[in-house]
Amino acid sequence: MSIRGLKKKQPKTFKVRIITVDAEMEFSCEMKWKGKDLFDLVCRALGLRETWFFGLQYTIKGMCTWLKMDKKVLDQEIPKEDPISFHFLAKFYPEKVEEELLQEITQHLFFLQVKKQILDEEIYCSPEATVLLASYAVQAKYGDYDPNFHEPGFLAHDELLPKRVLRQYQLTAEMWEEKITAWYAEHRGIARDEAEMNYLKIAQDLEMYGVNYFPIAQNKNHTDLLLGVDAKGIHIYSINNRFSPNKSFEWSSIRNISCSEKELTIKPLDKKAEVFKFFSSQLKVNKLIFQLCIGNHDLFMRRRKVDSIEIQQMKAQAREEKARKKMENQRLAREKQLREEAERAKEELERRLFQLEDEARQANEALLRSQEAAELLAEKAQIAEEEAKLLAQNAAEAEQERQRLEITALKSKEEKQLMEQKMREAELIAVKLVKESDRRAKEAEHLKQDLHEAREAERKAKQKLLDITRLNYPHMAKYPQYSPGDSRDATFDKGSIKLDLKDIDLKRLSFEIERERLDYLEKSRKFEDRLKELKSEIYALKLEEKQAGLCS
């Protein structure tokens, strides 16, 4: 066969891009492939066995549609693009995630899709529940919380809360991170798949979880209701309330569902009950609702039947896988614990080693200091010995000085006694001099009085003599040559001689008094000088006594 012939036999293909919640894949598909062929290829690439929950979704003319499994891909109304894009998403939701989601990949895909729906506000969640869900999402992504590794700001680039919640509360990003981290720290030891399952168990209790909403009307003119399809049945909502349905039809109570053009009919199992008819805006919407109803009803009935061999095998494998993972997690936890204990022991040993090194360093420093101190002490001992010798010498000198001072003190005592005796003598002399001075003063006073009286008597005598002379010899003044006068003159001359003699005695007496007074003053001055010398000697002796007392 030629190469040209081989080329002709190669089938024609077209490219498709499959977009999962967290990845993209491209495949080459044969032109004749049906939707199921492409779907199986994607499931094999993902390693997914629980295929009944998923489908391939695409958007055409603004409406989301699911790829039909029994028709060729290219025969369906798909976008004309290269490559053709399909979203691999969960089409049907389990009633109880913990019992129905067996594979880890299934659980992970559901976790990612439900998380995106909550963040995009397609599923309403209270602020408190969003913080708890965010903490499980962080646990699934980052593992156990480690304050040394997960420092503040490590969630800054993660989208964890709906924008509605962020707008509702005036909290900073740091405050939200603190709230999430407080829950996150309590999830220590939870593995990734377990954290994702806990997330889904909380999410499945939300009112809008797993519900596909469609606008409908009770008549052809108005669209004033919403029809919701989920794993439990069909629900009718008011246009402004997607939480609490006005009417619900569980799958177990529905006998038949039919659609024709824009009309949808729900027939209850109870034949007497009223048949409900609703209208949608387009036939495609009716077909999509009908498709979802059939798929959810089939799964509802399937859950209530005995599991097929394939499901039983998958559940057994899931249990084995969970047991293996549990043991693996326990082993890992044990190894982690041992590693942490070893690290703590290592840190303790390092700390102890550092402490011992520090203690050794301190001991070496102490040894050096002690050696230096010993040398210093030896020097001090030598100095002390020299000081002791010097002190002994000083002590001997001090003893000699003490003896000298004792002798000096004795001499000082004798001198003091002598001085005291001299002082007493000086005092006695002073007293005698004072008395003698008083006596002499009195004598001088008497002498002065006597002198005054003598002079007064002399004056009176002279006056009297002059008076007598004038009375008896008045002519003597005119006739001095008269002879009788010679004898009187002789007599007068005798009296004058007597008077002159008396004057001479008085002068001599005055001279003696003056001389005695000068002698007295000279003696007083000498006595005062002697007293001053005695006082100086006494003061010098007192100073010597004080100095001797201070030295001792």
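Author: Contact here means heavy atoms within 4.5 Å. The model discussed below is predicted.

Reader: Among contacts between residues at least 6 apart in sequence, what share join residues at least 24 apart?
Author: Take the contacts in the chain between residues at least 6 apart in sequence. Then keep those that join residues at least 24 apart. The share is 60%.

Reader: How many helices and strands does the chain have?
Author: The chain holds 552 residues. Its secondary structure counts are eleven helices and twelve strands.

Reader: What percentage of the residues are buried?
Author: Buried means under 20% relative accessible area. Of the 552 residues in the chain, the buried part is 30%.

Reader: What part of the accessible surface belongs to carbon and sulfur atoms?
Author: The accessible surface of the chain is about 37,400 Å². Carbon and sulfur atoms account for 54%.

Reader: In the open sheet of five strands, what is the strand order?
Author: The pairing in this sheet is mixed. β2 (24-30) and β4 (63-66) each have a single partner strand, so one side of each lacks a neighbour in the sheet. From one strand to the next, the twist averages 35 degrees. The order reads β2-β1-β5-β3-β4.

Reader: Which residue in β2 does Phe-14 stand opposite?
Author: Strand β1 covers residues 13-19. β1 pairs with β2 in the antiparallel sense, over seven bridges. Opposite Phe-14 in β2 stands Cys-29.

Reader: At about what angle does helix α4 run to β5?
Author: Helix α4 spans residues 104-119. This helix lies across β3 (54-60) and β5 (84-90). Its angle to β5 is about 100 degrees.

Reader: Which strands are at the edges of the sheet β6-β7-β8-β9?
Author: This open sheet has four strands with antiparallel pairing. Neighbouring strands are turned by 20 degrees on average, direction ignored. Two strands pair on one side only: β6 (212-216) and β9 (247-250).

Reader: What is the bridge partner of Ile-216 in β7?
Author: Strand β7 covers residues 225-229. β6 and β7 run antiparallel and are joined by five bridges. The partner of Ile-216 is Leu-225.

Reader: How far apart are the end C-alpha atoms of residues 517-544?
Author: An unreviewed UniProt entry places "coiled-coil region" at residues 311-464 and 517-544. Over residues 517-544, the model is 100% helix and 0% strand. The end C-alpha atoms of that stretch are apart by 41 Å.

Notes
Residues are numbered from 1 along each chain as its sequence is written. This is a predicted model: local features need pLDDT of at least 70, side-chain atom pairs count only at pLDDT 80 or more; totals for chains, interfaces and linings use all residues. Side-chain values use heavy atoms; hydrogens and water are left out. Two strands pair if DSSP finds at least two bridges between them. Axes are lines fitted to C-alpha atoms, for helices over the stretch in contact, and angles run from 0 to 180 degrees between N-to-C directions. UniProt positions are given in the numbering used here, feature names are shortened, and annotations may be inferred rather than shown by experiment. Buried means under 20% relative accessible area, exposed over 50%, partly exposed in between (1.4 Å probe, protein chains only). Accessible areas come from the Shrake-Rupley method with a 1.4 Å probe; for residues, only the protein chains shown count as cover.
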